[in-house]
Amino acid sequence: MRLKPVYATDPELVDKPLTDVPSPWAPKNGIHLYHFPLSLDSQKVRQGLEEVGLVWQSHVILLPAQQQFSPDYARINSRCVVPTLVVDGRVTTDTVNILTHLADRFGVAKNCFNTPDHEKEDVNYWIDKAASLFIEALTYGNIEGVKKPFPLGNVSEHGRYHQDKIELLFRLTEKYQHDETLKLAYEKKRAVTEATRGAIVTPSQLAAIVESTKAELRDLEQQLNEGPFGSGGWLASDALSLADIQWGVVLYRLRWLGLEPLLWKGESRITPYADSLIARESFQRGVIKWSKVGRNVILPMLQHRLSTLFARDSGL
């Protein structure tokens, strides 16, 4: 039974994360982030960039339009996921890896994410805990009694969203069968998507994922009660750490999905912890500002569809 995302449990199915690797396909100068406004992992990295105080250029990848599978993007990030960080033509992938890279490269100069050695083990433990939650299944799975927010709607019904991706990836694999790089990228992504869909559409498995998430949040509450947060610090350290970046976005997502009443009680210490993180300016700039669905998702999707129709008509 799958209780965690494929990326956490089956590394052989995906390419290894890239760290500061030169790419002929990436922008050569400046800091660039390929992301989607409502993507959980994009939210984490955007907050990280804002916390460090970096100026970065946005490249929105419209996941509803399946732009993450475009050949141009797949050549930059063969995992076909967002986010992707590019610094002066060098690519870094995987959310935990990107945030670690930002902390290592810019943290000291910006006096940010400088975790003392004696706290690093605990911080990394809680980073891994957050990254291993099966948030994708909770986002797209049909959980009894929970009405998903717009624009999810019924997109998750019977795993339709993931099935559409599987079918597209099959067509792309056929189309690019003579391009070994793209063919392999699409084959691996299809395997990941099939495994994820299986967890989403199986009621007993989704129920087990909910229970597993509850157990992780009980551990979180215990840590908040016994750890640095109780004496004015944060989750696993006295100063804000990458563990807090991970968990703040996770808790915000669970609230947005309407799962808070199911997963933790209002009087839980999780509530003030989440509130403290969401109130940070970096969270407001990196997460909340990008969460306006009309401006950041619907309008770009309409523009994309009009552009596609215009290009199609021009080619007739």
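In which loop is P24 found? P24 lies in the loop that connects β1 (21-22) with β2 (31-35). The model described here is predicted. It contains an open sheet of five strands, and several helices are described below in relation to that sheet or to one another.

**The loop residue P24**
- P24 counts as exposed, because its relative accessibility is 66% and the exposed class begins over 50%.
- G89 stands 65 residues from P24 along the chain, yet the C-alpha atoms of P24 and G89 are separated by 7.5 Å.

**The sheet**
- The five strands follow the order β1-β5-β4-β2-β3, and their pairing is mixed.
- At the edges of this sheet are β1 and β3 (57-60), each of which pairs on one side only.
- The strands β2 and β3 run parallel and are joined by four bridges.
- Y34 stands opposite H59, a residue of β3.

**Helices lying across the strands**
- Helix α2, formed by residues 40-52, lies across β2 and β4 (84-87).
- The direction of α2 makes an angle of about 160° with β2.
- Helix α4, formed by residues 95-110, lies across β2, β4 and β5 (90-93).
- The direction of α4 makes an angle of about 125° with β5.

**Helix α8**
- Helix α8 spans residues 180-201, a total of 22 residues.
- From its first C-alpha to its last, α8 reaches 32 Å, which is close to the 32 Å expected at 1.5 Å a residue.
- The buried residues of α8 are L182, A185, Y186, K189, V192, T193, T196, A199 and I200.
- These residues lie on the same side of α8, because they cover an arc of only 145° around the axis.
- As general background, an α-helix has 3.6 residues a turn, so residues three or four places apart point the same way.
- The partners against which the buried residues of α8 pack are α1 (6-9), α3 (71-76), α6 (135-140), α7 (160-175) and α9 (203-226).

**Cysteines**
- C80 is buried, because its relative accessible area is 1% and the buried class covers values under 20%.
- C112 is also buried, because its relative accessible area is 8%.
- The count of disulfides comes to zero, where a disulfide would require a pair of cysteine sulfur atoms within 2.5 Å.

How values were computed: Residues are numbered from 1 along each chain as its sequence is written. This is a predicted model: local features need pLDDT of at least 70, side-chain atom pairs count only at pLDDT 80 or more; totals for chains, interfaces and linings use all residues. Side-chain values use heavy atoms; hydrogens and water are left out. Helices (H or I, at least four residues) and strands (E, at least two) are DSSP runs, numbered from the N terminus. Buried means under 20% relative accessible area, exposed over 50%, partly exposed in between (1.4 Å probe, protein chains only). Two strands pair if DSSP finds at least two bridges between them. Contact means heavy atoms within 4.5 Å. Axes are lines fitted to C-alpha atoms, for helices over the stretch in contact, and angles run from 0 to 180 degrees between N-to-C directions. The expected span of a helix is 1.5 Å times one less than its number of residues. The arc is that of the directions from the helix axis to the C-beta atoms.
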